[in-house]
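Me: Could you take a close look at the largest nonpolar core of this chain for me? I would like to see how that part sits within the whole.

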Amino acid sequence: MTATVHREPDDMVRVLDEDGEVVDGAEVPDLDDDELVEMYRTMKLARRFDERAVSLQRQGRIGTYPPLSGQEGAQVGSAMALGGDDWMVPSYREHAASLVQGLPLKQTLRLWMGDENGARVPEDVNLFTVAVPIASQIPHATGLAWASKLKDEEDKAFLCYFGDGATSEGDFHEGLNFAGVFDTPNVFFCNNNQWAISVPREKQTASKTLAQKAEAYGFEGVQVDGMDPLAVYAVTKAAVEKAKDPAEGELRPTMIEAVQYRFGAHTTADDPSVYREEEEVQKWKAKDPIPRLEKFLKRTDRLDDEAITDIEEDVEDRVADAIAAAEETPRPDPVEMFQNVYAEMPGRLEKQLEWFQSIRAEHGDEALLED
Ligand SMILES: Cc1ncc(C[n+]2csc(CCOP(=O)(O)OP(=O)(O)O)c2C)c(N)n1
Ligand SMILES: [Mg+2]
């Protein structure tokens with residue numbers, strides 16, 4: 001299996017072609033029928049969740065939302081490759097990966113509805129909180145993995161997600177450099193979705209691939225077709241295994257560049273038609289990971305139209321339940337904005353809180369909250 005990560009950085013790993021056929025020489029990863037169908041179901045759930053979340057934002061029921069459509073294969077494929085003791089360190093678009101790791105969809109909705117409690121990860125879920133400052137989670141992931149190594153744990157890998165844009169940040173280089181030097185059990189997973197808001201991949205770096213940047217830090221970088229969930233699963237699994245149990249003379253970390261596309265806007269605050277051509281979007285939509293896996297599962301008799309209808313009904317219900325649960329949750333008290341930032345509130349924040357309480361007393365909560 002580790003052969004998957006030992007290759008040239010531009011030798012892209014593929015299992016399924018755009019028609020869901022297994023490409024020549026590729027091996028379907030070792031997942032049983034139920035797991036393969038579960039992969040499909042989770043990708044469909046993520047897609048439907050995404051559509052509904054964008055619609056909720058348009059209706060004013062969510063503040064801002066970063067859509068993931070197009071990226072389901074990379075998220076679900078990689079997250080399914082983690083074992084029960086492994087950790088996930090996300091960026092801000094990993095709603096599907098976080099779901100696989102155990103974060104309820106309701107929590108993701110609460111967060112983007114502006115409730116910090118949405119970022120409260122359940123105690124038994126090995127997941128870090130959403131990181132919006134680009135690349136800031138990368139040194140955190142290296143630190144976590146280093147701490148684990150210093151404690152001689154040896155049974156945990158730390159998977160960290162970030163975007164193509166993040167590879168231009170100092171934190172990316174510092175995080176990967178330390179990972180190489182301290183030989184930490186990390187998997188750095190770059191979701192190269194071709195755009196960093198309006199900045200295209202070509203403006204991000206003159207390097208031929210993003211994966212090759214890992215070579216400068218002494219460990220493997222590998223490209224994978226990020227719209228092929230089976231290829232993503234295989235590569236991530238191999239990288240996780242290497243992180244925990246490297247061969248003689250081999251370093252633990254790997255950087256995976258998952259080449260993919262975001263079909264929608266960067267966030268609901270963005271209009272992508274201003275900076276990219278519809279033709280480009282259509283070109284990538286032909287690579288959609290969901291019909292690709294569906295065709296493969298149908299052809300190999302693991303899925304039929306009846307099962308797909310059942311999955312679609314189940315997905316609809318689960319998304320509706322998550323939305324109802326999120327909307328039924330009592331709104332947080334506005335003073336929570338001031339809490340949980342510092343262990344001890346600094347004077348200037350105390351002053352702002354006092355001022356906030358005074359205008360609240362003067363005008364009443366009705367004037368502060370939207371309808
Ligand atoms: C340090 C920092 N600088 C700028 C921003 C504003 N910002 C938010 S998302 C983004 C683009 C990130 O692109 P990429 O890393 O490719 O991730 P993607 O959103 O495409 O998944 C920028 C510049 C930020 N959040 N943090
Ligand atoms: Mg990007």
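Reply: Happy to help; here is the core, followed by its surroundings.

Please keep in mind that this is a predicted model, in which local features need pLDDT of at least 70, side-chain atom pairs count only at pLDDT 80 or more, and totals for chains, interfaces and linings use all residues. Residues are numbered from 1 along each chain as its sequence is written, while chains are lettered from A and ligands numbered from 1 in the order in which they are written.

A nonpolar core here is a set of buried Ala, Val, Leu, Ile, Met, Phe, Trp, Tyr and Cys residues joined through C-beta atoms within 7 Å. Buried means that 20 or more other C-beta atoms lie within 10 Å of a residue's own, exposed means 12 or fewer, and partly exposed is in between, with C-beta atoms placed from the backbone. The largest such core has 88 residues, and Cys160, Val235 and Ile256 touch the most other members. Helix α8 (residues 229-244) gives this core its largest share, ten residues. Helices (H or I, at least four residues) and strands (E, at least two) are DSSP runs, numbered from the N terminus.

Let's zoom in on Val235. Leaving out residues up to four places away in sequence, Val235 touches Thr4, Val5, Val13, Val222, Val224 and Ile256. Two residues count as in contact if their C-beta atoms, placed from the backbone, lie within 7 Å. In soluble globular proteins, nonpolar side chains tend to be buried together.

Now for the setting. The chain has 13 helices and seven strands, and buried residues make up 43% of its 371 residues. Of the contacts with a separation of 6 or more, 77% join residues 24 or more positions apart. The chain is divided into domain 1 (2-328) and domain 2 (337-368), with bounds from an automatic or database domain assignment. The C-alpha centres of domain 1 and domain 2 lie 37 Å apart.

For contrast with the buried core, look at two loop residues. Glutamate 154 is in the loop between α5 (137-150) and β2 (158-163), and counts as exposed because it has 11 C-beta neighbours inside 10 Å. Its phi is near 60°, a positive value in a residue other than glycine. Isoleucine 197, in the loop between β4 (195-196) and β5 (199-200), is partly exposed, with 13 other C-beta atoms within 10 Å. Isoleucine 197 also has a positive phi, of about 50°, although it is not a glycine.
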